[in-house]
Amino acid sequence: MSDASINTQAKAAHGDAEFGDYFALLKPRVMSLVVFTAAVGLLAAPGSVHPFVAFCAILFIAVGGGASGALNMWYDADIDRVMARTKKRPIPAGTVSEGEAFAIGIALSGFSVVMLGLAANWVAAALLAFTIFFYVVIYTMWLKRWTPQNIVIGGAAGAFPPMIGWAVVTGGISIESLLMFTLTFMWTPPHFWALCLFMKSDYKDAGVPMLHVTHGRRVTRNHILVYTLLLAVVAIGMAFTGVGGPIYLTTALILNGLFVAGAISIWRRDEEVSEADGYKREKAFFALSLLYLFLHFGAILAEATLAPYGYGGW
Amino acid sequence: MSFREEHELHKRRFGRNLGVALVLVSFIVIVFGLTVVKVTRGDYEPENASIQRGQ
């Protein structure tokens, strides 16, 4: 046993995790995406809320997203211990116990939903509660270990925040908020499968039926292309709704042109070619996917911000 | 002269306690701020209050 493992076990035994260890349970990087997309949904919605209420609503949505991350880490601790990518998470590292993660997840889930209901409205709170339920129960407990389509259906959990932000202002659901949901929902599979192609992950050892493990990399490349084409239809179609406009349309046309070209390039390659250049195209596609979502929501935000000055929208 | 040796464990606990304290203080500020916003906007006023004021 190494000194490092003795040290981490000692920390866990005494329950002396640092504050940062508890914060890491909330998956801060995922939270940043949640905050951004929820803020865009809130700002693009017709109507307005008090800036302090808007700030609090975004905060509670972020806390709700973090709570579901903590519950995910609690349930998936066995998988996280096996996989190299997740071994350093607080539970496998021994800094936070499974019981603590569960308690924090449950407490923050209840807290965020109730506080969002009190601060904004109960439609937004119900959507947040459903998002937490979907991520923890439907994705983490059920789909993740059962079907290679786990990331497709589970991606819905990450797609709800703009809908919640929209509901904070309007108190309801509309075609625009559903399209913002669909944009993130359709974006998740090609984004994640591209990562799977170049990351030498150990899903097989962990017993997680990811598409590239169960059906092979050729099928994964085909799926990336199909989902990217469907995504392009949704993304460009959004330009002609209430949240779209010339800025969004220009952004969507350029980004979807690049994204479809990237997906075709990945589809035309095989493993030998990819390995030879160190998965250069797959890595570039993954990097573009991050920019893709950020710029699409950025364009929606630009349309909403410029609309009062007569520049945004149609 | 210090009677108690400062251990790495104490630093860790201090950081955690400080973090919890900041979270609790932030929560108080949020609840207070939300209350001020809701009350000044009249979210919790009875419907007839404005009618009575108008008379």
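# A guided tour of chains A and B

Start by selecting chain B, whose secondary structure comes to two helices and zero strands. Keep in mind throughout that you are looking at a predicted model. Of the 55 residues of chain B, 18% count as buried. Colour its surface next: chain B exposes about 4,800 Å², and carbon and sulfur atoms supply 64% of that area.

## Stop 1: where the two chains meet

Now show chain A as well, and select the residues that touch across the boundary. On the chain B side there are 18 residues in contact, and they meet 18 residues of chain A. Together the two chains bury about 1,400 Å² between them, with 71% of it on carbon and sulfur atoms. Which classes of residue make up the side of chain B that touches chain A? There are 10 nonpolar, three polar and five charged residues on that side.

With charged residues in the list, you may want to look for salt bridges here. How many does the rule find across the interface of chain B and chain A? The number is zero. What the rule does find across this interface is three residue pairs in polar contact, both partners being at pLDDT 80 or more.

## Stop 2: a mostly covered helix

Hide chain B for now and select residues 150–159 of chain A, which form helix 9. This helix is mostly covered, with eight of its 10 residues buried. Among the buried ones are A:N150, A:I151 and A:V152, and further along you will meet A:G154, A:G155, A:A156, A:A157 and A:A159.

What do the buried residues of helix 9 pack against? Add helix 8 (122–143), helix 10 (161–170), helix 11 (175–198) and helix 14 (217–237) of chain A to your view, and you have the answer.

## Stop 3: a network of salt bridges

Over all chains, the count comes to 10 salt bridges. Let's visit a few of them, beginning with A:D80 and A:R89. Their side chains meet in a salt bridge at 3.3 Å, N to O. Is A:D80 buried or exposed? A:D80 counts as buried because its relative accessibility is 2%.

Next, select A:R217 and A:E271, whose side chains form a salt bridge at 3.5 Å, N to O. A:R217 lies in helix 14 of chain A and A:E271 in helix 16 (residues 271–276), so this pair ties together parts that are 54 residues apart in sequence.

Then move to A:E282 and A:R221, another salt bridge, with the closest N and O atoms 2.7 Å apart. This pair also links distant parts of the chain: A:E282 is in helix 17 and A:R221 in helix 14 of chain A, 61 residues apart. Both A:E282 and A:R221 are buried. To see the wider picture, select A:R217, A:R221, A:R269, A:E271, A:D277 and A:E282 together, since salt bridges that share partners join these residues into one network.

## Stop 4: the surroundings of A:S274

Stay in this area and click on A:S274, which is found in helix 16 of chain A. A:S274 counts as buried because its relative accessibility is 0%. Its side chain makes a polar contact with the side chain of A:R269, at 3.5 Å. Which residues does A:S274 touch, leaving aside neighbours within four places in sequence? They are A:R221, A:R269, A:Y279 and A:E282.

Follow that list to A:Y279, in the loop between helix 16 and helix 17 of chain A. A:Y279 has a positive phi of about 55° although it is not a glycine. With a relative accessible area of 5%, A:Y279 is buried.

From here, step into helix 17 (residues 280–306) and select A:S289. A:S289 has 0% relative accessibility and therefore counts as buried. Not counting residues up to four places away in sequence, A:S289 touches A:W187, A:H191 and A:F259.

## Stop 5: two loops to finish

Go to A:D16, in the loop between helix 1 (3–14) and helix 2 (19–24) of chain A. At 2% relative accessibility, A:D16 counts as buried. Try a distance label from A:D16 to A:A119: their C-alpha atoms are separated by 34 Å, and the two are 103 residues apart along the chain.

Your last selection is A:K27, in the loop between helix 2 and helix 3 (28–44) of chain A. A:K27 has a positive phi of about 50° although it is not a glycine. A:K27 is buried too, with a relative accessible area of 14%.

Note on methods:
Residues numbered from 1 in each chain as written. Chains lettered and ligands numbered in written order. Predicted model: local features only at pLDDT ≥ 70, side-chain atom pairs only at ≥ 80, totals over all residues. Heavy atoms only, no water. Contact = heavy atoms within 4.5 Å. Buried area = accessible area lost by both parts, 1.4 Å probe. Salt bridge = Lys/Arg side-chain N within 4 Å of Asp/Glu carboxyl O. Polar contact = N/O pair within 3.5 Å; in protein donor to acceptor, adjacent residues only side chain to side chain. Nonpolar A, V, L, I, M, F, W, Y, C, P; charged D, E, K, R; others polar. Helix = DSSP H or I, 4+ residues; strand = E, 2+ residues; numbered from the N terminus. Buried < 20%, exposed > 50% of the residue type's maximum accessible area, 1.4 Å probe, protein only. Areas by Shrake-Rupley, 256 points an atom, 1.4 Å probe, with all protein chains shown as cover.
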